[in-house]
Every structure is written in C-alpha cells, then in structure tokens.
Amino acid sequence: MKRESKKNKLTEEDIKRYTRNFWRVLIGLVAFAFIFIFAVRLGIFGKLPSFRDLENPKSNLASEIITDDNKILGTYYVHNRSNVKYSELSPHLVHALVSTEDKRFYKHSGIDYSRTITVIFHTLTGNKQGGSTITQQLALNLFSEGRAKNIFKRIIQKFQEWVTAIRLERNYTKEEIITMYFNTVDFGYKNTYGIKSAARTFYNTTPDKLDAQQSAMLVGMLKGPGIYSPVRYPENAVKRRNQVLANMEDQHFLTPDEFTKFKELPLNLDLRISSYFEGLGAYFRDVLKDEIKKEFKRLSITKADGTPYDLDRDGLKIYTPINFQMQQYAEEAQKEWMMKVQKDFDRQWKTRDAFKGENAKLLISGMKRSDRYRVLKNDGLSDSEIEKAFQVKVPMSIFTWKGNVDTVMTPMDSIRYTKLFLRNAMMSMEPKTGYIKAWVGGINFEHFKYDQVKQGTRQVGSTAKPFTYAYAIDNGISPCTPIPNHQRTYGNWSPRGTVQGGDPITLKNALKYSQNYASAYLINEVGASNVADLTKRMGVTSNVPNYPSIALGAYDASVYDMVGAYAAFVNNGTWIEPTMILRVEDKNGTPIYEKAAKVLKVLNSETAYAMVEMLKGVVDGGTGSRLRWDPNFGGLKNPIGGKTGTTNDNSDAWFIGITPELVTGVWTGAEDRGISFSNMAYGQGAAAAMPVFGLFMNKVYKDNTLTYSKEDFPLPPGGLTRFNLDCSQYSSFHGTSEDPPLDDDRLGF
C-alpha cells in the first residue's frame, strides 16, 4: 500500500504540468470567448444593428392621418406602430415595466451579471426563468426575425443581444432605452405594435393618460401577448395585471391601499381596432392615400436616398382639414336616415323581382366584377363552370345596418342581396378655404369599397340648374326677368315637366320650384356651350357635353366636384379647389409637402350673391322647404340655401346645401341605375338625400365647440349695384310669386 500511495502521489513536475495545462485551457477559453465575441461584434454570425439602425429601427412605422382638432383619424401600416417620446409615457408605464421586467435596470450597464448567473443555475436545475434585462429585450426587438428557435442560433443571438445591449447602454440614456423599448414591443393583437398603438387599441387613449391598472395590464401582456390577451383570455389578463401591480407595490411605486384598489378593478377595455375599414373616415382615408401618392409622384418628393416614401412603413404625419366630430356627425346622420330609407326600399322590392328582363344582366356583370370570379377565372374555369360555382352555397359574412352577419348563401344570391342596398355619399367643406370637414364615401367600406364622393360619378339632375341661371345672370339677365314656362320643342328635344310658379315665371321662382320648361328655355337663349364651359370652370371635371339637356342635369358628376362648384356661389364667385391634405411631415416632424390649392374667379361677386339668394328661396319655400318644417332636423331656422335633384326613374337623389360657412353635398342611389324607387315620394332628392344634410347640420349647430355662424350670408364687397333681388319692385311683371312648394323635381327629357 505504501508503494501504491507513493505511485499515486503527484510529483512537482506533474503539478507544474497540470498548472500549465489549466492556464492554457483557461487562456484558450478566454481567447476563444474574446474572439467569438469579437466575431459577433464584426457581424460574422449575422449583421448587428448600426448606430443609425439603433436610432431608426426598421420597425415599419405607421403613418398617421391627423384631423384639424389634432386627433388621429386612422393609420396606414404594415405593422400598426407609432413612436412616442419619453415625455409622452405615463410614469405608471415606466414603473410597471421596471418593477416587472428589470428591477435593477437603473444599476446595470446592459447586462445584469448576477441575475444571469442566477438564471443559469435555475435553468440547470429545471426551473427555467427569464434573465434578459430591458436593454437586452430591446436588443432582441431590433432583430427582425425575432427569438430564434434553433438552440445554436439562439446561443449566437444571445451573444448578439449582449453586445448590442452594451452598445445601447453606452450611447443612450436609460430614458431613451425605455422609450425605444416601448416603441418596438409587439402586443400581438390586431397588428398592434408599440405602446402608442396599444393605448389606442385597448383603451382609446394616449400613453401619457394610462393609469396604474391600465399600465400594468399592457406591461403584463408583454410576457405572452397571446395567453395574456385581455380580449381572448380576460381572466388570465386580470391575474397577470395583478401580478404586475404586486411588483409595483413591492418596489414602492404603489402604496398598499393603491394596490388593493387597482387589483379589484375590472379591465374596462375601450377597444378601438385600427384597420382600413373600421373607424371613422374609411373612404376618405382610402382616397387620401392615392392622392398623396399622386402628389408625391407629380412633385418628385422622395426620401434623402432617392427612394419613394412608403405610407405603410415610413411613419409620416398627414395633416388634414377633416374635423373629427363633424366626421362622426356625418356618419351618424347617414346611418340614421339610410336605415329608414332602406326599409322603405326593401318593402318595395319584397314582392317584385328586381332582376327581371334587362336587369338580369346586372347579376352577370356583378359576378364578373367580383373577386371570387377573378380567382376562379385564374384557376382556369370556364364561364359556365364559374356560373355553376356561383350557385353553390358557401359561408360568408354579409352587411346589415345592425352589423355583419355570418350566414350561408350562394355567391349569386349575395350579389342579389348587395345590389338591393341603397348607397349614399356625402361631403362637407368650407367654401372660403376649400377645407373638407367631413367625407362619407359610402355606407360601409368593408363591404362596399367604391368611394362615391370623388371616384364615382352619377347623373346630377336638377342640381345642375344653377349653372344655367348663373351664366344668364352673369351676362346681364336679372333674377326677376320673366321667361316662358311651358312645354316647347328645341330641335329634336322636348323636355318634360310640370308648371309651378306661373307662366311666365321669374328666374328666381323658376329655380325655387325647379322648373324644367323655364330652364330649357333659358339654356336655349344663353347657349349650351357657354353653360358647359362655366360648369367646367366651376370645377366639374367629368364630361359636360354641349347639349341643351345639361340644363336639367343630363350628365354625370361627383359629389366632390358639385360641392366645390356650389362653394363658388358662397365664396363671392371664387372657386377654390376642395382640399383633402394640409401638409405632410416625415417621422422626424420635417415638412415634406404642403398643399397649395388652386383658386379661380368664375363669377361676378354680385352674380354669386344673387345665386345664393335664389338657393335660399329653394329652402324657404321651394323644393327644399322640408328642412324648415320637418322635426327630424330640429326645425333648422338659420339661413340655408340649396338645391334638390332627382333623375329619371328616381335612380339618383341629390341635395347640395349651402350655409355661410359650409357647403354640403349628398347623393343617394342603388349601385345600378336600373334598380330604384318606383315611388317619387320616397325616391326624390328631398326624401332620399336632403334629410341626411338636415340631420348633419342639426348636429353641427347643436355642438357648441363648433363655431359655425348662424348669421345671414354677407353682401358682396361693394354691395348690390347691378340689379334688385326684390322682384315685387318690378311692376311690369305680374306673375305669381308665392305658389306652394313643388315636390316633383324629376329630370325629364
């Protein structure tokens, strides 16, 4: 045994050899670690974010559409993400984050070594814990691919996080790191990224206004946006929120009493899901996007590197003249009246087939315009095979005025269903600035995406008549001049109509009662080409032919153009281009575009005032008098003018209303002109379109935060010198001036 003990005893040489080997291994490991970390820093295992990337992470910032009252109308995005500054964060948010994710945040320099060692120990014993600091989590957020699944890649990524975290701590303050962190986190619900979007999505507020329990809920979600979703798993969300509140109390950010109070509160969500078809102004936002792209292309507005701006990724701030409250009033007014009108429309078609005869073609054209048809066609199916497929019942979501309904029906039946929905569009703008304050392009953007304010045009009917009268008055014919008001034939055109207001009749009363015979006579006297030219100069961009029938509205135009044209009457004869955009700023607040509206003097100021007075007569005793007596509109008493319009077979119902500071246009009709009201009592402009204007203006005038004047329209500069608008002063004319109002405003030719 003595021999064996001697044999096992380490010699001095052995000790030296083992010591040398130990130091070689240790130095080798240190060298390897140094080389490995250096390689990570050089980006050999994957590119690390540059300082520019750290300040401007490629995080697909949403562009915001901002109203005139500084509210966010909506966003364009790939990721619904908007940045905030540290000063815009509630202190509760910061306290919740630090107490839950990184208690030693203000003491370490990016890596909490003691916590890392503790986590490694717990992990080896089977008790897996998170060990990343807030700075490390931010570093991970800067890698677009997210947390790696592969163990080897995850090890590499962890070293990348450490290197990036240290760089972050060396170059940014703790406040800047927290701000960047909150701007990059994913809340995992409806494309919600960043705390600004989360505050808006879950609580309809801004990050600076979040209280302790709201902050705790949002921070709690970060551990698992799916399992702690307050929408899908509210019980989990409450438990997680309360744990965060307990952490805040433990770190003395909350008192025991505050903790007890907050943990008993319900979540009290106020969901505002951001998407292109949800929220206010969906049609406006959709058209606005295209307008901005066109303007940027026209003016060659690009980023510093010459690439075009991407509205879905570059975080632009788009300032518009839209008023948030007025937009809401417009959409409410539309819904309120269209629900009623749709019931009347449904009753009419309940016992009749809307798709008989020529209307059968509407189903085929509707089928061929559908996305389903294009998909099947691209798959190689023949038309007969596609028609068979359209007769097979499938699950789908359909629109109702009470909300979407999931059902099962054939695609062809869904076409029948949607074509029997009345559509409606409305735009309101300030005539003296051109600023558009409200825009409703249709009844539901999710199901009916075609904008009927600017993109769509429909036959304008009697709303075109003022252009003929304006040209006549501008060229020396007095509003009190009597003209024939009976049926005549002009070449091969014999317009139809009724006689109301006398024969002969003054221009003033002819417009008041919307007389077709008098209007046809007048355009024959002044020349259709002259009226067409004036109509175009007043901003109507669609085709206006040189035909006498344009006096009765035998052409198509958009609500956008018609409102702009009527605004010239109120604006002393000066047409100003309707304005959708005020300015655009990049994500740093630098202006990159500012709108310069076109302005054109189209009428003498006295002519414009005369037209205003004549349009007031339409409302005070003519075809628009319903605005005065109908209790639905609150009995509007202040100065208002306007013009109704109804086309053949009640296919299109119009009303353009004017006040001293607002001009508003409304159109109502089905998608196809072959489907319409059979009864004029329901289908004329005064019944199907004008009430939307009345409801809207009633809401506007009742809102004390909106300061639109109820005073009368002002006289033109210099007053009236060319003619007298009091027709009773003209003793040579004895026509009737106070006949009852006309309901039949039908276009006939």
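1. Salt bridges. This predicted model holds 33 salt bridges. Side chains of opposite charge can pair when their charged atoms come close. Three of the pairs, and one network, are taken up in the points that follow.

2. Glu291 and Lys454. The closest N and O atoms of this salt bridge are 3.4 Å apart. The pair links distant parts of the chain, with the two positions 163 residues apart in numbering. Glu291 belongs to helix 13 (residues 282-298), whereas Lys454 lies in the loop between strand 9 and strand 10 (458-459). Is Glu291 buried or exposed? Glu291 counts as buried, because its relative accessibility is 18% and the cut-off for buried is under 20%. Lys454, at 25%, counts as partly exposed.

3. Arg673 and Asp556. These side chains meet in a salt bridge with an N to O distance of 2.9 Å. Here too the pair links distant parts of the chain, 117 residues apart. Arg673 sits in the loop between strand 20 (663-670) and helix 26 (680-683), and Asp556 is in strand 13 (residues 556-557). Arg673 has a relative accessible area of 38%, so it is partly exposed. Asp556 is partly exposed as well, with 24%.

4. Lys616 and Asp712. A salt bridge joins the two side chains at 2.9 Å, N to O. Lys616 is part of helix 24, and Asp712 is in the segment after helix 28 (690-702). The pair links distant parts of the chain, 96 residues apart. Lys616 is buried, because its relative accessible area is 10%. Asp712 counts as partly exposed, because its relative accessibility is 42%.

5. A network. Which residues are joined into one network by salt bridges that share partners? They are Arg369, Lys419, Arg423, Glu671 and Asp672.

6. Helix 24. Lys616 brings the reader to this helix, which covers residues 605-621. Helix 24 has 17 residues and spans 25 Å from its first C-alpha to its last, close to the 24 Å expected at 1.5 Å a residue. Helix 24 is mostly covered, with 16 of its 17 residues buried. At the start of the helix, a side-chain oxygen of Asn604 comes to within 2.7 Å of the backbone nitrogen of Glu606.

7. Strands 8 and 9. How do strand 8 (residues 422-429) and strand 9 run relative to each other, parallel or antiparallel? They run antiparallel, and four bridges join them. One bridge can be located by name: Met429 has Ile436 in strand 9 as its bridge partner. The hairpin formed by strand 8 and strand 9 has six residues between the strands. In this hairpin Gly434 takes a positive phi near 85 degrees. Strand 9 (residues 436-440) is mostly covered: five of its five residues are buried. As background, in a regular strand the side chains alternate between the two faces of the sheet.

8. A nonpolar surface patch. Phe22, Trp23, Leu26 and Ile27 make a nonpolar patch of about 420 Å² on the surface. Leu26 is found in helix 2 (residues 12-42). With a relative accessibility of 33%, Leu26 counts as partly exposed. An α-helix has 3.6 residues a turn, so residues three or four places apart point the same way. A reader can look at the patch in the structure with that spacing in mind.

Definitions and conventions:
Residues are numbered from 1 along each chain as its sequence is written. This is a predicted model: local features need pLDDT of at least 70, side-chain atom pairs count only at pLDDT 80 or more; totals for chains, interfaces and linings use all residues. Side-chain values use heavy atoms; hydrogens and water are left out. Buried means under 20% relative accessible area, exposed over 50%, partly exposed in between (1.4 Å probe, protein chains only). Two strands pair if DSSP finds at least two bridges between them. The expected span of a helix is 1.5 Å times one less than its number of residues. A polar contact is a pair of N or O atoms within 3.5 Å; within protein, one must be able to donate a hydrogen and the other to accept it, and residues adjacent in sequence count only if both atoms are side-chain atoms. Patches are made of residues with over 30% relative accessible area and no salt bridge: like charges are joined within 9 Å, nonpolar side chains (Val, Leu, Ile, Met, Phe, Trp, Tyr) within 5 Å. Accessible areas come from the Shrake-Rupley method with a 1.4 Å probe; for residues, only the protein chains shown count as cover. A salt bridge is a side-chain nitrogen of Lys or Arg within 4 Å of a carboxyl oxygen of Asp or Glu.
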